[in-house]
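Reader: I should like to go through this entry step by step, with short reasoned answers. Please begin once the coordinates are on display.

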Amino acid sequence: MALVKVAIPSMLATLVKGDRRFEVEAATVAAVLDEIFGRHPELRVHVLDENGGLRRHVMLFLNDGAIRTYHRTVDDGDSVTILQAVSGG
Amino acid sequence: MAVVLAIGTMKGAWVARSHDRSSWDLSGPYLRGWEVTTFGRAPGGDYLLATGSSWYGAAIHRSPDLEDWQQVVDGPAYHADAGRKLERIWTLTGVGERLYAGVAEAGLFTSDDDATTWQPVDGLNEHPTREHWQPGAGGLALHRLLTDPADSSRMWAAISAVGVLATTDGGTTWELRDSGVTPVIPSDQPGHCVHCIVADPDDADAIWRQDHRGVYRTADGGRSWEQIQNGVPGSGFGFPIARDPATGHLFIVPLESDEYRLPVDGRLMVYRSANGGDTWEESGKGLPADRVYTGVLRGAMDVDGTDPGGIYFGTTGGEVWASADTAESWQRLPVTFPRVLSVKVLDA
């Protein structure tokens, strides 16, 4: 298990009256998401679509790289960031 | 006469309170940054609102006091195998202890546990004509549900650009009821762009309809419609229609045409009928005389049900107007909001 830094968009943090940044323990990106949704179940519908994939205009970063799948392993100190894509004008 | 008025915009919700329908106290924004598409009440008394976002989808939120809002975790959602996305929630309608949510992509969901969990209404969502349903400019949306206060098994759903579907068995089966309404595109498939419907609570079969093709009414629950836009400027195009149950007055906002969707001659006008739509007249003083180019969306007009009637509407330019005398005169709330999507009287 790795201690991973998580950042979520401010609109989603406001929704759950929580911090934008926090830490979770997990071994993979998928487990990081599970930890986030376990802590804030309201967020699942805003991050994932009906098929369980990332919403079209939501981006997921592992450290500095954008990813669209969740199988990657994570190490201590890694960052997982959920971002609102710059789209829509 | 105290009124609590909820205002949903592209960037959050506000609540306006008045004890005399003349001076207003404003609180908000709530759900800051989120589109607030509609409001409702849960059977247990909580206030409800729906949020939407092009990034983050749609959800229902509840509050016991209009201040502290909590998202409903198990809100309406299409199953993955439905092949649809829940884009917006446009109506929250209560029928006794049951709630309904009308959504885009067009569908209906219901809750029997005080808005905690929601299930699809398959009889409508999987309607035999569904493969032929087409969206209007505002999307493929179920935006209004009417119910019969005397018989909860009878309901009418308005879907753009499909038409009005009615059920007499509590939602198990639905039939299209658009006879007499000019379709948007002549076809043997559903294609009526109903913009808004409103009914007489004392006679649920009496329904009035602001349609893409004009203003209509029915006396037989939608089995036959007649056009009633006599005296209304423009083409009959518009979005909201409201009925004051205390006085029976109807209210619409005429627009130039479906091509332009602008106020006729640059005048923001509310037209009023005192005789069920037989004749229409421009409502009273107070609205700007000219050079106004905003519109009023389908969910952005409501009434408070008292006599004389309280009428409220919000514009795409962010203004909210109120009348406390059945639209003899209008007063603008002293604030400019983002684009107004929904106006709802929550308490009166």
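Reader: How many helices and strands does chain B have?

Author: The model is predicted, and the assignment below refers to that prediction. In chain B, strands and helix are both present, and the count is one helix and 28 strands.

Reader: Why can chain B be described as being as compact as a globular protein of its length?

Author: The C-alpha atoms of chain B occupy a box of roughly 50 × 45 × 40 Å along the principal axes. For 348 residues the globule rule gives 20 Å, and the radius of gyration of chain B is close to that value, so the chain is as compact as a globular protein of that length. The radius of gyration in question is 19 Å.

Reader: What percentage of the residues in chain B is buried?

Author: A residue counts as buried if 20 or more other C-beta atoms lie within 10 Å of its own. Applied to the 348 residues of chain B, this criterion gives a buried share of 50%.

Reader: Which strands stand at the edges of the open sheet β16-β17-β18-β19 of chain B, and why is one side of each left without a neighbour?

Author: The sheet is open, with four strands in the order β16-β17-β18-β19 and antiparallel pairing. Each edge strand has a single partner strand, so one of its sides has no neighbour in the sheet. The edge strands are β16 (194-200) and β19 (226-227) of chain B.

Reader: Which residue of β19(B) is the bridge partner of B:R217?

Author: Strand β18 (residues 214-218) of chain B pairs with β19(B) in the antiparallel sense, over two bridges. Within β19(B), the partner of B:R217 is B:E226.

Reader: Turning to chain A, which residues of β4(A) and β5(A) stand opposite A:F61?

Author: Strand β3 (residues 58-62) of chain A is joined by five bridges to the antiparallel strand β5 (residues 79-84) of chain A. β3(A) also pairs with strand β4 (residues 65-67) of chain A, in the antiparallel sense over three bridges. A:F61 has A:A66 as its bridge partner in β4(A), and in β5(A) it stands opposite A:T81.

Reader: Which helix gives the most to the side of chain A that touches chain B?

Author: In total, 17 residues of chain A are in contact with 13 residues of chain B. Both α1 (10-15) and α3 (44-47) of chain A supply at least two residues of this side. With four residues, the element that gives the most is α1(A).

Technical notes: Residues are numbered from 1 along each chain as its sequence is written. Chains are lettered from A and ligands numbered from 1 in the order in which they are written. This is a predicted model: local features need pLDDT of at least 70, side-chain atom pairs count only at pLDDT 80 or more; totals for chains, interfaces and linings use all residues. Two residues are in contact if their C-beta atoms, placed from the backbone, lie within 7 Å. The radius of gyration is taken over C-alpha atoms; the globule rule is 2.2 Å times the number of residues to the power 0.38. A residue is buried if 20 or more other C-beta atoms lie within 10 Å of its own, exposed if 12 or fewer, and partly exposed in between; C-beta atoms are placed from the backbone. Two strands pair if DSSP finds at least two bridges between them.
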